[in-house]
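Reader: I'm new to this one. Could you take me through a single part of it up close, starting from one pair of facing residues and working outwards?

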Amino acid sequence: MRRPTAAQSGPAKSGKASALQAAGGCVCGAVRIEIDVPARWAWHDHSARSRHAQGCAYATYVGSYRSRFRVLEGGEHLTRFEDAEARTARSFCARCGTPMLYERASAPTMVNIPRAVLAERTGREPRLHMNL
């Protein structure tokens with residue numbers, strides 16, 4: 001049984017939300033997301049898989065609890081690639097190809113968002129360098 005992605009599970013249940021959010025989206029504007037801030041963590045990923053997926057020397061991610069993450073628009077435009085060997089999943093906009101989410105089986109309550117897609121401050125500076 002596949003666990004729904006953050007995009008498939010829809011908006012977070014109503015509850016105690018943060019007073020502040022950081023919003024963002026893909027390049028074409030079809031997908032819009034937001035997280036409650038402060039984010040849980042921020043980190044630079046130097047792994048070969050992330051470098052390849054992002055097309056850069058390293059990818060910077062912001063981690064959020066799934067309950068503090070929302071797809072505001074365009075969830076139907078998100079497509080998902082599951083890497084069974086790495087036990088990860090990456091979602092991106094099917095229209096423009098912007099990487100939007102990175103999920104790890106080892107952290108099922110979290111979702112990681114490429115920092116570049118968020119237009120506002122997240123309350124966390126990336127200080128961790130992983131997979132050097």
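Author: Let's start with G24, which sits opposite I33 of strand β2. Before going on, this is a predicted model, where local features need pLDDT of at least 70 and side-chain atom pairs count only at pLDDT 80 or more, while totals for chains, interfaces and linings use all residues. Residues are numbered from 1 along each chain as its sequence is written, and side-chain values use heavy atoms, with hydrogens and water left out.

Now, the neighbourhood of G24. Strand β2 covers residues 32–36, and five bridges join β1 to β2, the two running antiparallel. (Strands here are DSSP runs of E, at least two residues, numbered from the N terminus; two strands pair if DSSP finds at least two bridges between them.) In general, strands of a sheet pair through backbone hydrogen bonds, either parallel or antiparallel.

Step back a little, and β1 and β2 belong to an open sheet of three strands, ordered β1-β2-β5, with antiparallel pairing. The edge strands are β1 (21–25) and β5 (69–73), each pairing on one side only. From one strand to the next, the twist averages 25°; for such angles, axes are lines fitted to C-alpha atoms, for helices over the stretch in contact, and the angles run from 0 to 180 degrees between N-to-C directions.

So that's your close-up: G24 facing I33 in β2, within a sheet whose order is β1-β2-β5.

Methods: Helices (H or I, at least four residues) and strands (E, at least two) are DSSP runs, numbered from the N terminus.
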